[in-house]
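Q: Could you take me through one part of this structure in detail? I would like a close look at the aromatic residues and the helix they belong to.

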Amino acid sequence: MAHRVHRPREDAEFAFILGMSEVPVLAYFTGTWPKAIEPCRVMDLVVGGIADDCAERLTVVRTDITRCPAATERYGVTGAPACVLLKEGEAVAHGAGPMTSAEVRQFLDGHL
């Protein structure tokens with residue numbers, strides 16, 4: 001099954017996806033510098049599974065920090081991987097560092 005994860009190439013595309021979503025958005029921020037690559041790859045699998053399982057209740061956006069600097073700054077992301085749960089464009093939860101599937105589900109618990 002293909003993961004239902006949006007991958008915006010720039011801030012305008014991130015904003016468009018956010019504006020079109022009728023459900024909460026899990027913005028998963030990634031980085032491409034050496035110390036971030038492996039943790040972000042692990043999170044890709046975790047977040048991809050979450051995207052598949054919660055497709056009706058959640059929009060998932062994989063956001064590269066270097067491609068979407070305005071979104072990164074707006075939501076206070078300072079490292080990768082990081083997750084921000086957004087409702088109507090406003091952050092309702094933040095998570096930093098690599099997380100297991102159970103930890104991401106706990107992060108989302110109560111918000112979906």
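A: Happy to. In this predicted model, F14 is buried, with a relative accessible area of 4%. F29 is buried as well, at 0% relative accessibility. Let's look at how the rings are arranged. Searching the whole structure gives two aromatic pairs. One of them joins F14 and F29: the ring centres are 6.4 Å apart and the planes meet at 40 degrees, a tilted arrangement. This pair links distant parts of the chain, as F14 sits in helix α1 (residues 11-20) and F29 in strand β2 (residues 25-30), 15 residues apart.

F14 also pairs with Y75, and both of these residues are buried. Their ring centres lie 6.3 Å apart with 55 degrees between the planes, so this pair is tilted. Y75 belongs to the loop between α3 (69-74) and β4 (82-87), while F14 is in α1, so the pair ties together parts that are 61 residues apart in sequence. Taken together, F14, F29 and Y75 make up one aromatic cluster.

Now for the helix itself. Along α1, the residues F14, I17 and L18 are buried. Viewed down the axis of α1, its buried residues fall within an arc of 100 degrees, so they line one face of the helix. They pack against β1 (5-6), β2, β3 (59-64), α3 and β4. On the other side of α1 you will find A12, F16, G19 and M20, which are exposed.

Methods. Residues numbered from 1 in each chain as written. Predicted model: local features only at pLDDT ≥ 70, side-chain atom pairs only at ≥ 80, totals over all residues. Heavy atoms only, no water. Phe/Tyr/Trp six-rings, centres within 6.5 Å; stacked < 30°, edge-to-face > 60°. Helix = DSSP H or I, 4+ residues; strand = E, 2+ residues; numbered from the N terminus. Buried < 20%, exposed > 50% of the residue type's maximum accessible area, 1.4 Å probe, protein only. Arc of directions from axis to C-beta. Contact = heavy atoms within 4.5 Å.
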